[in-house]
Amino acid sequence: RTVGWTLGVWDSARPGAAAIAQRAIQGVRSGTVLLLHDGDGYDPDGDRTQTADALPVIIRDLRAQGFRFVGVPT
(Lines give C-alpha, C1' and ligand atoms only; values in the text may rest on other atoms or scores of the structure.)
Protein backbone atom coordinates (compact mmCIF):
# COMPACT_ATOMS: atom_id res chain seq x y z
CA ARG A 1 0.00 0.00 0.00
CA THR A 2 1.31 3.40 -0.91
CA VAL A 3 0.66 6.16 1.60
CA GLY A 4 1.45 9.80 1.09
CA TRP A 5 2.26 12.24 3.83
CA THR A 6 0.26 15.40 4.41
CA LEU A 7 2.58 17.29 6.76
CA GLY A 8 6.33 17.58 6.58
CA VAL A 9 8.19 19.52 9.25
CA TRP A 10 11.60 19.59 7.57
CA ASP A 11 13.24 17.62 10.35
CA SER A 12 15.93 16.54 7.87
CA ALA A 13 17.30 20.12 8.05
CA ARG A 14 18.01 19.47 11.75
CA PRO A 15 16.48 22.70 13.12
CA GLY A 16 16.47 21.35 16.69
CA ALA A 17 14.09 19.11 18.58
CA ALA A 18 12.00 22.03 19.86
CA ALA A 19 11.42 23.39 16.34
CA ILE A 20 10.53 19.96 15.00
CA ALA A 21 8.03 19.40 17.80
CA GLN A 22 6.51 22.87 17.45
CA ARG A 23 6.06 22.51 13.68
CA ALA A 24 4.41 19.13 14.09
CA ILE A 25 2.12 20.14 16.95
CA GLN A 26 1.00 23.33 15.22
CA GLY A 27 0.47 21.66 11.84
CA VAL A 28 -1.35 18.45 12.74
CA ARG A 29 -5.06 18.24 11.93
CA SER A 30 -7.43 15.30 12.04
CA GLY A 31 -6.25 12.71 9.51
CA THR A 32 -2.72 14.09 9.17
CA VAL A 33 0.02 11.75 8.03
CA LEU A 34 3.14 13.26 9.58
CA LEU A 35 6.45 12.76 7.79
CA LEU A 36 9.43 12.28 10.10
CA HIS A 37 12.78 10.83 9.09
CA ASP A 38 14.38 7.88 10.85
CA GLY A 39 17.52 7.99 8.77
CA ASP A 40 19.40 9.92 6.14
CA GLY A 41 19.12 8.78 2.55
CA TYR A 42 22.45 10.41 1.72
CA ASP A 43 24.53 9.49 4.74
CA PRO A 44 24.07 6.04 6.32
CA ASP A 45 25.46 7.47 9.56
CA GLY A 46 23.20 10.54 9.40
CA ASP A 47 22.21 12.02 12.74
CA ARG A 48 18.49 11.93 13.47
CA THR A 49 18.69 12.45 17.23
CA GLN A 50 16.78 15.74 16.96
CA THR A 51 13.82 13.93 15.43
CA ALA A 52 14.03 11.16 18.02
CA ASP A 53 14.18 13.73 20.83
CA ALA A 54 11.15 15.60 19.44
CA LEU A 55 8.95 12.53 19.13
CA PRO A 56 8.00 12.08 22.83
CA VAL A 57 7.02 15.76 23.01
CA ILE A 58 4.94 15.49 19.83
CA ILE A 59 3.14 12.39 21.10
CA ARG A 60 2.54 13.81 24.57
CA ASP A 61 1.22 17.16 23.38
CA LEU A 62 -0.98 15.76 20.64
CA ARG A 63 -2.49 13.19 23.01
CA ALA A 64 -3.17 16.02 25.47
CA GLN A 65 -5.08 17.78 22.69
CA GLY A 66 -7.22 14.67 22.19
CA PHE A 67 -5.48 13.21 19.17
CA ARG A 68 -4.90 9.49 18.95
CA PHE A 69 -2.50 7.54 16.81
CA VAL A 70 -3.83 4.84 14.52
CA GLY A 71 -2.48 2.53 11.84
CA VAL A 72 -2.83 3.36 8.15
CA PRO A 73 -5.85 1.09 7.48
CA THR A 74 -7.81 3.05 10.10
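I looked first at the side chain of Thr 51 and found a polar contact with the side chain of Asp 11 at 2.8 Å. A polar contact here is a pair of N or O atoms within 3.5 Å; within protein, one must be able to donate a hydrogen and the other to accept it, and residues adjacent in sequence count only if both atoms are side-chain atoms. I note that this is a predicted model, in which local features need pLDDT of at least 70 and side-chain atom pairs count only at pLDDT 80 or more, while totals for chains, interfaces and linings use all residues. Residues are numbered from 1 along each chain as its sequence is written, and side-chain values use heavy atoms, with hydrogens and water left out.

**Thr 51.** I placed Thr 51 in helix 2, residues 49-64. Helices are DSSP runs of H or I with at least four residues, strands are runs of E with at least two, and both are numbered from the N terminus. Thr 51 has a relative accessible area of 6%, so I list Thr 51 as buried. The cut-offs are under 20% for buried, over 50% for exposed and in between for partly exposed, with a 1.4 Å probe and protein chains only. Leaving out residues up to four places away in sequence, Thr 51 touches Asp 11, Ile 20, Leu 36 and His 37; contact means heavy atoms within 4.5 Å.

**Asp 11.** I found Asp 11 in the loop between strand 1 (7-8) and helix 1. The side chain of Asp 11 also has a polar contact of 2.7 Å with that of His 37. Which side chain of opposite charge is nearest to Asp 11? It is Arg 48, 5.4 Å away, and Asp 11 is buried with no salt bridge. Lys and Arg count as positive, Asp and Glu as negative; His and the chain ends are not counted.

**Salt bridges.** A salt bridge needs a side-chain nitrogen of Lys or Arg within 4 Å of a carboxyl oxygen of Asp or Glu. I counted two by this rule. One joins the side chains of Arg 14 and Asp 47, 3.5 Å from N to O. Arg 14 is in the loop between strand 1 and helix 1 and Asp 47 in the loop between strand 2 and helix 2, so the pair ties together parts 33 residues apart in sequence. The side chains of Asp 61 and Arg 60 also meet in a salt bridge, at 2.8 Å from N to O.

**Helix 1.** I listed the buried residues of helix 1 as Ala 19, Ile 20, Ala 21, Ala 24 and Ile 25. Their cover includes strand 1, strand 2 (34-35) and helix 2.
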